[in-house]
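Here is a friendly walk through a few labels and the reasoning behind them. Have the structure open as you read.

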Amino acid sequence: MKRFSAIAALTLLWATGDPAQAMAFQPSPRTSDQSANVVGVAEKVAVDHILDEKLDGLEALYRDLHQHPELGFQEHRTARLLARRMRTLGFEVTENVGKTGVVAIYRNGPGPVTLVRTEMDALPMEEKTSLSFASRAHALLDGKRTFVAHSCGHDVHMAWWVGAAEVLVALKQQWRGTLLFIAQPAEESLGGARAMLNDGLLTRFPKPDFALAAHVGGGMPLGSVVMKEGVILSASDALEIIFNGRGAHGSAPSSAIDPIVMGAHFVSDVQTVISRQKDAATFGVITVGAFQAGSVANIIPDTATLRLSLRSFTPEVRSLLLNGVEKTAYGVSMMAGAPAPTITRLNGSAATQNDSELMARIAPALKSAFGQGVISIPASVPGFSGSEDFSEFAAKGIPSAYLMIGSDQPEALAAYKAKGIAPPTNHSPLYAPAARPAIRNGAAALVWSVLSLNGASPPINELAAKRKVRCGL
Ligand SMILES: [Zn+2]
């Protein structure tokens, strides 16, 4: 593989305006005192130049997606749009993988297969930003009409995913292997990754050696890239519990088995799983987010339905919470002399873990490209309490890296700080990332990560290893 003369490459870039040619120009091996994977001037100029050229188109794509958000497993227009963009770039595209998922493959000789994932789904909520292109879209969710908005920033992710593909295709002389770009449905409900896996993602297509994803981080300044060792996001489990009672007139409670009283006991008692059973030094959350029962004042209903969200970082705490919730629900029912509760697992995904070897491979290039913006957080520091189903890929044995990309103008963050107000972040109706620079940074982070893995850095690329040439890409 090649190491470029920076001056020659810059000269060619200015002369031809073609960064791909500039990067391919004047190969010369990296000297032994230079570490592999560090971004050289020519490489950075080339990536930056291509991104600058593509940014108007990527921003237009982002605004289109922002104005046409779609809920999980309903991303038909979104998937079509992305599939078309990737086909135009020369990817082999398969649609409807895991309902609405898209798999786009670019083969570029022998080498690693690198999965790069974006999510496609939006949230069932009303956007309240004052953006000129704010979403006013609606959709049906469980039969009810709801607003829909890209308030988690998945529209930014889709734009930088396409941007990364555009740069990598333009620079295809600089890497080898296969790109497996996937656009995943339904991340918010944690079902999309599993749907794609169950639909043969790892058997119908080249099996990935690595998996990469990035998420835009509200409240984080532009230019920041969080590299968290170990667990970055919590495990998430959603449960529905139906307390089965016996209905009666409100004036005759002794004729009833009151499911509302059972539910009320449960809501309080279940928190002792956190406060008395879980090690106080470990992270765990149990939230009862929905409690639905009854309709009028003078009827004791038959049932009460509760929905819970459980969060944890370790498999041990995860099973402690699941068992604790179940035991509490059965205990409450038994105390009331009621039939057993009906407990349904709605969804669940493990904690998102970053593979330390993979992180070490991509870190030098990211640090070179983003300098002080790279925030390295050791494994000993707890992860974020939010969750992701990107963990499904690691659960299949694929080394994974999940980056957080800053989305806010530093001046805007400073203004919020001066007022003592927390800035709106992901899932806020007011979240409005500085999309254009965030798209550029996210695309660059993915490009540098892929080039670190699929470039000629020995021993990953066999061809380069055979030539005994060390290389920066
Ligand atoms: Zn998200």
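Axes here are lines fitted to C-alpha atoms, for helices over the stretch in contact, and angles between N-to-C directions run from 0 to 180 degrees. Keep in mind that this is a predicted model.

Q: Why is helix H5 called oblique to helix H13?
A: H5 (residues 154-170) and H13 (residues 435-454) pack at an angle of about 50°, their axes being 8 Å apart. Angles under 35 degrees count as roughly parallel and 65 to 115 as roughly perpendicular, so H5 is oblique to H13. The crossing of H5 past H13 is right-handed.

Q: Which residues make the contact between H5 and H13?
A: On H5 they are Val-156, His-157, Ala-159, Trp-160, Gly-163, Ala-164, Val-167 and Leu-168. H13 brings Ala-435, Ala-438, Ile-439, Gly-442, Ala-443, Leu-446, Val-447 and Val-450.

Q: What makes three residues of the contact of H5 with H13 polar?
A: Gly counts as polar, and so does any residue in neither the nonpolar nor the charged group. The contact divides into 13 nonpolar, three polar and no charged residues.

Q: How do you know that both faces of strand E8 are covered?
A: A residue is buried if 20 or more other C-beta atoms lie within 10 Å of its own. In E8 (residues 225-228), Val-225 and Met-227 on one side and Val-226 and Lys-228 on the other are all buried, so both faces are covered.

Q: What makes E8 a partner of strands E18 and E16?
A: Pairing takes at least two bridges. E8 has two bridges to E18 (residues 400-408), running antiparallel, with Val-225 opposite Ile-405. Four bridges join E8 to E16 (residues 374-377), running parallel, and Val-226 stands opposite Ile-375.

Key. Residues are numbered from 1 along each chain as its sequence is written. This is a predicted model: local features need pLDDT of at least 70, side-chain atom pairs count only at pLDDT 80 or more; totals for chains, interfaces and linings use all residues. A residue is buried if 20 or more other C-beta atoms lie within 10 Å of its own, exposed if 12 or fewer, and partly exposed in between; C-beta atoms are placed from the backbone. Angles under 35 degrees count as roughly parallel, over 145 as roughly antiparallel, 65 to 115 as roughly perpendicular and the rest as oblique. A crossing is left-handed if the near helix is turned anticlockwise from the far one by less than a right angle, and right-handed if clockwise. Two residues are in contact if their C-beta atoms, placed from the backbone, lie within 7 Å.
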